[in-house]
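Here's a quick briefing to read with the structure open beside you. It goes topic by topic, so feel free to jump around.

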Amino acid sequence: IKSISSSLLDVAVTVKRRKAGSPAITLQIKNPPAEISVDIILTLEVRQSWPPSTQDGLKIEQWLGRKVRREFRNKPIYLVAKQNKREKVLRGNTWRLSFSHIEKAMMNNHGSSKTCCESDGPKCCRKSCLKLLKYLLEQLKMKHTEKLEKFCSYHVKTAFFHSCVMWPDDTDWCWGDLDHCFQKYLGYFLDCLEKSQLPHFFIPQYNLLSLEDKASSDFLSEQISHELNNRFPTFQE
């Protein structure tokens, strides 16, 4: 962190303490006329085979292909120091597997055809659907902060990747069918909330929706169903 701070010449930089349960370290950069905060997540690169818990994850064969899956699994994985928020008393850090680099690669090359959303290729609505549900969750969290504190954009992103696997063809996500595609994706997310079952995309044995948080899942499901049945008033605000 010191080396990062010293590299920012003529800028006043302070390092803020991490929030409980967050892996990020915040740099507070003071440089008139504006002050900005930059979150940095420190990681350890592990150049070895992915652990056995990931063997049945990343099921993208029908979506992006077997070759792409092999290429991804040959990449290193990363460890992030993060406190376990499920512990009643926050103790030391635990090491969490991070696949953010793979997630970014999937987002950048998201089509079953290699020209999807390129300048001379067909345009799909995958990213737009993800942005819409992210925005909807953000707005609902602002209105119901305490009841929805367990949810974050990673839940939405994980449901999105599962949806891409269930509907793998670019024709399943035609740009002109944005409304239909979004509601289809939303329907899957609602089903996950109802069952309290959302498998981690890379570690399928790990469920992101705990039964202990069923009340929160039910509340979010009710809020989203209200939006769906009333033509999404949040998008009109």
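Let's start with Ser221, which sits in helix H7. Keep in mind that this is a predicted model. Ser221 has a relative accessible area of 16%, and that makes it buried because the cut-off is under 20%.

**Ser221 and what it touches**
- Not counting residues up to four places away in sequence, Ser221 touches Leu190 and Leu193.
- Ser221 and Leu193 are 28 residues apart along the chain, yet their C-alpha atoms are separated by 6.2 Å.
- Leu190 and Leu193 are themselves among the buried residues of H6.

**Helix H6**
- How does the span of H6 compare with what 1.5 Å a residue would give? Its 18 residues should span 26 Å, and the end C-alpha atoms are 26 Å apart, so the two agree.
- The buried set of H6 also includes Cys181, Phe182, Lys184, Tyr185, Leu186, Tyr188, Phe189 and Cys192.
- Those buried H6 residues pack against H4, H5, H7 and H8.
- Just after H6 comes Ser196, with a positive phi of about 50°.

**Helix H4**
- H4 covers residues 126-143, which is 18 residues. From first C-alpha to last it reaches 26 Å, close to the 26 Å expected at 1.5 Å a residue.
- Leucines show up a lot in its buried list: Leu130, Leu133, Leu136, Leu137 and Leu140 are there, along with Arg126, Cys129 and Gln139.
- Which helices help cover the buried residues of H4? The cover includes H3 (100-108), H5 (153-166), H6 (178-195), H7 (214-229) and H8 (233-236).

**Thr234 in helix H8**
- Thr234 is found in helix H8, and at a relative accessible area of 1% it is buried.
- Leaving aside neighbours within four places in sequence, Thr234 is in contact with Tyr135, Leu136, Gln139, Lys143 and Glu227.
- Two of those contacts, Leu136 and Gln139, are on the buried list of H4.

**Aromatic pairs**
- How many aromatic pairs does a search of the whole structure find? It turns up 13.
- Phe99 and Phe202 are a stacked pair, because their ring centres are 4.4 Å apart and their planes are at 0°.
- Phe99 is in the loop between E6 and H3, while Phe202 is in the loop between H6 and H7, so this pair ties together parts that are 103 residues apart in sequence.
- Both partners count as buried: Phe99 has 3% relative accessibility, and Phe202 has 1%.
- Then there's Phe160 with Trp173, an edge-to-face pair at 6.3 Å centre to centre and 65° between the planes.
- Phe160 belongs to helix H5 and Trp173 to the loop between H5 and H6, so here the linked parts are 13 residues apart in sequence.
- Phe160 and Trp173 are both buried.
- The residues of these two pairs belong to one aromatic cluster, made up of Trp50, Phe99, Phe160, Phe161, Trp167, Trp173, Tyr185, Phe201 and Phe202.

**The E4-E5-E6 sheet**
- Three strands make an open sheet in the order E4-E5-E6, with antiparallel pairing.
- The edges are E4 (43-46) and E6 (94-98), each of which pairs on one side only.
- From one strand to the next, the twist averages 35°.
- E4 and E5 pair over four bridges in the antiparallel sense, and Glu45 stands opposite Tyr78 in E5.
- On the other side, E5 (residues 77-82) is joined to E6 by five bridges, again antiparallel.
- Across that E5-E6 pairing, Val80 stands opposite Arg96, and Leu79 has Leu97 as its bridge partner.
- In a regular strand, side chains alternate between the two faces of the sheet.

**Confidence**
- The protein chain has a mean pLDDT of 88, and 84% of its residues reach 70 or more.
- Where is confidence lowest and where is it highest? Helix H1 (residues 2-7) is lowest at a mean of 50, and H5 is highest at 98.
- Where pLDDT is low, the predicted coordinates should not be read in detail.

Terms used: Residues are numbered from 1 along each chain as its sequence is written. This is a predicted model: local features need pLDDT of at least 70, side-chain atom pairs count only at pLDDT 80 or more; totals for chains, interfaces and linings use all residues. Side-chain values use heavy atoms; hydrogens and water are left out. Helices (H or I, at least four residues) and strands (E, at least two) are DSSP runs, numbered from the N terminus. The expected span of a helix is 1.5 Å times one less than its number of residues. Buried means under 20% relative accessible area, exposed over 50%, partly exposed in between (1.4 Å probe, protein chains only). Contact means heavy atoms within 4.5 Å. Two strands pair if DSSP finds at least two bridges between them. Axes are lines fitted to C-alpha atoms, for helices over the stretch in contact, and angles run from 0 to 180 degrees between N-to-C directions. pLDDT is the predictor's confidence in each residue, from 0 to 100. Rings of Phe, Tyr and Trp (its six-membered ring) pair if their centres lie within 6.5 Å; planes under 30 degrees apart count as stacked, over 60 as edge-to-face and the rest as tilted.
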